[in-house]
Amino acid sequence: MADHVDVVLAQWSERRPDLDASPMAVMGRLKRLAQLVDGELRRNFAAHDLDSASFDVLATLRRSNAEHSLTPAGLMRSSMVTSGAITQRLDRLEARGLVTRKPSETDGRGVQVTLTKAGLDLIDAVLPAHVATEDRLLAGLSAEERTTLADGLRTLLESLGDKTD
């Protein structure tokens, strides 16, 4: 059984037999996998009138602490959203009544972002569908294969500097 990447590798082998194109076996599959997974997750988020970054902000607030509250800088550090996207996402989420921004009680210049009841209800409704979608996407792997893949990807990410403080 062959996939698209196998075809690409065979073509490179034929056209450039002097070139070790084996890194493409991993990188090509990671790229194709990311595109397929992203499409599936986008469909799930869209069913709840969210996008990936908005989901990530809501999920980060939900899992952070009992108050479901962080500073914008804390959100950026704890989520998968870039600093440039935080303000834009917060504006949209606040306009929808899903988060509030209030001055910090401990830092006069700071702001606390907090889930509203509507935001909490939404993330609690979306999260099970999100996890079920991820589980469905991984159904082709055994539990052992999932663990091995997760461990290998963690090692690769760490080797590229993606580590927690």
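A residue is called buried when its relative accessible area is under 20%, exposed when that area is over 50%, and partly exposed in between (1.4 Å probe, protein chains only). The structure discussed here is a predicted model, in which local features need pLDDT of at least 70 and side-chain atom pairs count only at pLDDT 80 or more, while totals for chains, interfaces and linings use all residues. Residues are numbered from 1 along each chain as its sequence is written, and side-chain values use heavy atoms, with hydrogens and water left out.

Salt bridges make a handy starting point. Counting a side-chain nitrogen of Lys or Arg within 4 Å of a carboxyl oxygen of Asp or Glu as a salt bridge, the structure holds 15 of them. Glu-40 is a good one to look at, since its side chain takes part in a pair with Arg-43 at 2.7 Å, N to O, and in another with Arg-136 at 2.8 Å, N to O. The second pair links helix 6, where Arg-136 lies, to Glu-40 in helix 2, so it ties together parts that are 96 residues apart in sequence. (Helices are DSSP runs of H or I with at least four residues, strands are runs of E with at least two, and both are numbered from the N terminus.) The first pair stays within helix 2: Arg-43 and Glu-40 are three residues apart there, about one helical turn. As for the surroundings, Glu-40 is partly exposed, with a relative accessible area of 21%. Arg-43 is exposed at 53%, and Arg-136 is partly exposed at 47%.

Helix 7 has a salt bridge of its own, in which the side chains of Arg-154 and Asp-151 meet at 3.0 Å, N to O. These two residues also sit three apart, about one turn of the helix. Both are partly exposed, Arg-154 with a relative accessibility of 44% and Asp-151 with 33%. Elsewhere, Asp-3, Asp-6 and Arg-29 are joined into one network by salt bridges that share partners.

Helix 7 turns up again in a nonpolar patch on the surface. Patches are built from residues with over 30% relative accessible area and no salt bridge, where like charges are joined within 9 Å and nonpolar side chains (Val, Leu, Ile, Met, Phe, Trp, Tyr) within 5 Å. This one is formed by Val-26, Met-27, Leu-149, Leu-153, Leu-156 and Leu-160, and together they have about 530 Å² of accessible area, a value from the Shrake-Rupley method with a 1.4 Å probe, where for residues only the protein chains shown count as cover. Helix 2 (23–46) and helix 7 (143–159) are the elements that give two or more residues to the patch. Helix 7 gives the most, with three residues. Leu-149 belongs to helix 7 and is partly exposed, its relative accessible area being 39%.

Then there is the inside. In soluble globular proteins, nonpolar side chains tend to be buried together. A nonpolar core here is a set of buried Ala, Val, Leu, Ile, Met, Phe, Trp, Tyr and Cys residues joined through side-chain atoms within 4.5 Å. The largest such core has 20 residues, and those touching the most other members are Leu-50, Phe-55, Leu-58, Leu-61, Leu-75, Leu-90 and Val-99. Two or more residues each come from helix 2, helix 3 (52–64), helix 5 (83–95), strand 3 (111–115) and helix 6 (117–137). Helix 3 gives the most to this core, with five residues. With contact meaning heavy atoms within 4.5 Å, and residues up to four places away in sequence not counted, Leu-75 touches Val-57, Thr-60, Leu-61, Leu-70, Ile-86, Leu-90 and Val-113.

Strand 3 also holds Val-111, which is partly exposed with a relative accessible area of 30%. Leaving out residues up to four places away in sequence, Val-111 touches Leu-70, Thr-71, Pro-72, Arg-101, Lys-102, Pro-103 and Ser-104. Val-111 and Leu-41 are 70 residues apart in sequence and 30 Å apart in space, C-alpha to C-alpha.

Finally, a word on the backbone. Most residues other than glycine have a negative phi. Asp-49, though not a glycine, has a positive phi near 60 degrees. Asp-49 sits in the loop between helix 2 and helix 3 and is exposed, with a relative accessible area of 56%. His-68 is not a glycine either, and its phi is positive at about 55 degrees. His-68 is placed in the loop between helix 3 and strand 1 (69–70), and this residue is buried, with a relative accessible area of 14%.
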